[in-house]
Amino acid sequence: MTAVTSQCCAPIAREPLSETDAAELAVMLKAVADSVRLRLLSMIGSHAGGEACVCDLTDAFDLTAPTISHHLKVLRTAGLIDGERRGTWVYYRIIPEAVNKLGALFAPLTQPASSKPVELELTPV
């Protein structure tokens with residue numbers, strides 16, 4: 001007999017995140033919390049063929065090439081993109097597992113995990 005597991009809600013509402021998962025997700029969330037990096041991620045992901053040359057990305061911004069490189073490095077360090085040097089250019093692509101992990105964190109969040117009121121005990125400091 002095979003057990004089928006059904007997940008009713010997003011991980012953030014299903015159970016508390018572990019310290020490790022929270023730290024890993026925080027790095028990714030910090031990386032995409034910047035509008036330039038969020039646009040870069042979107043541009044890379046939506047580019048024809050699923051990858052974009054850095055030369056295709058720089059003209060979309062009123063920023064210097066070193067600044068764009070910094071933002072790409074932050075996205076790469078967070079594990080959201082990967083790059084491959086081809087000649088003098090670097091081609092970037094999204095790492096689907098990482099981006100899916102971010103998306104799955106909140107979706108589908110249709111209702112709170114519990115409809116019961118939560119009781120908190122406040123202690124004076």
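A residue counts as buried when its relative accessible area is under 20%, as exposed when that area is over 50%, and as partly exposed in between. With that cut-off in mind, select Cys53, which counts as buried because its relative accessibility is 1%, and keep in view that the model being toured is a predicted one.

**The whole chain**

Before going further into single residues, colour the protein chain by secondary structure, and six helices and three strands should appear. Followed along the sequence, these elements come in the order α-α-α-β-α-α-β-β-α. Of the 125 residues of the chain, 24% count as buried. Among the contacts in the chain with a separation of 6 or more, 59% are between residues 24 or more positions apart, and several of the stops below show pairs that are distant in sequence.

**The strands**

Return to Cys53 and add Tyr91, which stands opposite Cys53 in strand β3. Widen the selection to strand β1, residues 51-53, and to β3, and you will have two strands that run antiparallel and are joined by three bridges. While you are here, select Cys55 as well; at 28% relative accessibility Cys55 counts as partly exposed, because that value lies between the two cut-offs. How many disulfides does a search of the whole structure find? The search finds zero, so there is no such link to look for at Cys53, Cys55 or anywhere else.

Next, select strand β2, residues 81-86, which is joined to β3 by six bridges, again with the two strands running antiparallel. Two of the pairings can be picked out by name: Asp82 has Arg93 as its bridge partner in β3, and Arg85 has Val90 as its bridge partner in that strand. Together β2 and β3 form a hairpin with two residues between them, and in the turn Gly87 has a positive phi of about 70°.

**The nonpolar core**

Now select Leu40, Leu72 and Leu80, which touch the most other members of the largest nonpolar core, a set of 23 residues. At least two residues of this core are supplied by each of α2 (19-32), α3 (35-46), α4 (54-57), α5, β3 (89-94) and α6. Centre the view on Leu80 and show what surrounds it: setting aside residues up to four places away in sequence, Leu80 touches, among others, Met28, Ala31, Val32, Leu41, Ile94, Ala98 and Leu102.

Gly79 is a good next selection, in the loop between α5 and β2. Gly79 counts as partly exposed, because its relative accessibility is 23%, and, not counting residues up to four places away in sequence, it touches Ile95 and Ala98. Add Glu24 to the selection to see a pair that is 55 residues apart in sequence and 9.5 Å apart in space, taken from C-alpha to C-alpha.

**Two sides of helix α6**

Move on to helix α6, residues 96-106, and select Ala98, Leu102 and Leu105, which are buried. They lie on the same side of α6, because they cover an arc of only 60° around the axis. Which residues are exposed on the other side of α6? Select Glu97 and Asn100 to find them. The general rule is that an α-helix has 3.6 residues a turn, so residues three or four places apart point the same way.

From Leu105, go to Leu17 in the loop between α1 (11-14) and α2. The two residues are 88 residues apart in sequence, yet 9.9 Å apart in space from C-alpha to C-alpha. Apart from neighbours within four places in sequence, Leu17 is in contact with Ala22, Leu25 and Leu105. Leu17 counts as partly exposed because its relative accessible area is 35%.

**A histidine in helix α5**

For the last stop, select His71 in helix α5, residues 65-77. Is His71 buried or exposed? His71 is buried, because its relative accessible area is 9%, under the 20% cut-off. Show the side chains of His71 and Arg37, which make a polar contact with each other at 3.1 Å. Once neighbours within four places in sequence are left aside, the residues in contact with His71 are Asp34, Val36, Arg37 and Leu40, and the tour thus comes back to Leu40, one of the residues that touch the most other members of the largest nonpolar core.

Conventions: Residues are numbered from 1 along each chain as its sequence is written. This is a predicted model: local features need pLDDT of at least 70, side-chain atom pairs count only at pLDDT 80 or more; totals for chains, interfaces and linings use all residues. Side-chain values use heavy atoms; hydrogens and water are left out. Helices (H or I, at least four residues) and strands (E, at least two) are DSSP runs, numbered from the N terminus. Buried means under 20% relative accessible area, exposed over 50%, partly exposed in between (1.4 Å probe, protein chains only). A polar contact is a pair of N or O atoms within 3.5 Å; within protein, one must be able to donate a hydrogen and the other to accept it, and residues adjacent in sequence count only if both atoms are side-chain atoms. Contact means heavy atoms within 4.5 Å. The arc is that of the directions from the helix axis to the C-beta atoms. A disulfide is a pair of cysteine sulfur atoms within 2.5 Å. A nonpolar core is a set of buried Ala, Val, Leu, Ile, Met, Phe, Trp, Tyr and Cys residues joined through side-chain atoms within 4.5 Å. Two strands pair if DSSP finds at least two bridges between them.
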